[in-house]
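Q: I'd like to learn how to read the sheets in a structure. Can we go through one together, step by step?

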Amino acid sequence: MTERVRIGTRKSELAMWQAIFVHDALREAHPGIDVELIGITTEGDRTLDVPLAEKGGKGLFLKELEHALLEQRIDIAVHSMKDVTVSEPEGLHIPIICERGNPYDALVSGKYASLDDLPEGARVGTCSLRRQAILRNRFPALTVENLRGNVNRRLQRLDEGDFDAIILASAGLMRLNMSERIREVIPAEMMLPAVGQGAVGVQCRRGDSRTEQLLAPLNHAPSACLVKAERSANARLGGGCHVPVGAFAEWVGTGLKLRGFVGDPDGSRAFFAEVEGPADAPETLGANLAERLLAEGAGQILKTFAHG
């Protein structure tokens with residue numbers, strides 16, 4: 001009997017790219033396997049007219065996929081790890097992190113080559129509270145505005161003149177063969193990436209050993225280690241996906257360097273911290289980074305969101 005795996009995915013072009021990537025990797029690892037793609041529309045896809053933070057954050061892109069998994073309508077769900085909430089629903093987990101793509105943010109503009117080139121009052125679009133907080137803190141002369149929609153819609157609004165520049169994830173543009181739109185890959189020193197940015201994760205039901213065995217060849221241990229460290233920091237901060245938090249891990253020799261950020265969306269306060277440690281305990285390193293940020297004063301900002 002032929003093995004069969006049903007992949008649940010959002011229908012956006014980028015989500016479909018990720019699902020097809022996992023589809024192809026499964027076919028390569030297991031010749032003859034039957035892999036089916038099942039497109040699912042999420043609440044995040046339906047509510048494009050309001051800021052994500054007002055509707056409950058990026059978890060809106062996951063809920064329907066996770067329900068489909070729990071109801072056994074699909075066998076796996078493919079996610080951008082930067083969209084995955086701190087805690088997962090009971091009965092589900094993400095055992096697989098594929099090899100990470102470019103983790104950095106990208107400046108896209110028809111007129112300007114870098115963030116430093118943007119003149120006073122330039123309109124910059126992004127839906128990310130993290131990006132908004134960093135831009136307002138480091139470039140207070142810019143006008144930062146909310147921008148929702150899929151990648152093509154955001155690019156269209158830029159091209160129509162609604163913005164002087166927009167910020168998108170480098171990995172998404174590269175995966176959609178739009179690398180030529182990137183004017184500047186923004187270094188982490190200037191804009192710390194989101195937790196898990198550039199990484200694709202595969203979610204399945206806990207205890208589904210058949211599916212886990214089929215997925216095992218897709219796991220990229222070095223990428224998984226980095227994402228674990230970042231997610232651990234976010235979990236300790238209680239950051240979720242609708243709080244201005246960044247965490248970014250890198251390999252330094254055989255160990256890890258982990259940098260973190262918590263900021264006010266209005267740019268008035270920003271806290272940064274950095275830790276280094278062994279790669280065999282990424283979660284501990286993440287917790288240490290979070291404690292350092294809290295000691296700096298980041299808890300004051302996080303409390304506002306907990307009560308907001």
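A: Sure, and keep in mind that this is a predicted model. Let's start with one pair of strands: strand 1 (residues 4-9) and strand 2 run parallel, joined by 6 bridges.

Q: Which residue in strand 2 is the bridge partner of Val5?

A: That's Val35.

Q: What is the strand order in the open sheet that holds this pair?

A: Read across the sheet, not along the chain. The order is 2-1-3-10-4, so five strands in mixed pairing, by the rule that two strands pair if there are at least two bridges between them.

Q: Which strands are the edge strands?

A: Look for a strand that pairs on one side only: here those are strand 2 (34-39) and strand 4 (92-97). From one strand to the next, the twist averages 30 degrees.

Q: Which strands does helix 4 touch?

A: Helix 4 (residues 63-70) packs on this sheet and touches strand 1, strand 3 (76-80), strand 4 and strand 10 (200-205). Its direction makes about 160 degrees with that of strand 3.

Q: What about the order 7-6-8-5-9?

A: That one belongs to another open sheet of 5 strands, again with mixed pairing. Its edges are strand 7 (143-145) and strand 9 (184-186). Strand 6 (residues 123-125) pairs with strand 7 in the parallel sense over 3 bridges, and Arg123 stands opposite Thr143.

Q: Which helices go with these strands?

A: Helix 5 (residues 129-138) lies across strand 5 (105-108), strand 6, strand 7 and strand 8 (165-169), at about 135 degrees to strand 8. Helix 6 (residues 151-159) touches strand 5 and strand 8, and its direction makes about 165 degrees with that of strand 8.

Definitions and conventions
Residues are numbered from 1 along each chain as its sequence is written. This is a predicted model: local features need pLDDT of at least 70, side-chain atom pairs count only at pLDDT 80 or more; totals for chains, interfaces and linings use all residues. Side-chain values use heavy atoms; hydrogens and water are left out. Helices (H or I, at least four residues) and strands (E, at least two) are DSSP runs, numbered from the N terminus. Axes are lines fitted to C-alpha atoms, for helices over the stretch in contact, and angles run from 0 to 180 degrees between N-to-C directions. Contact means heavy atoms within 4.5 Å.
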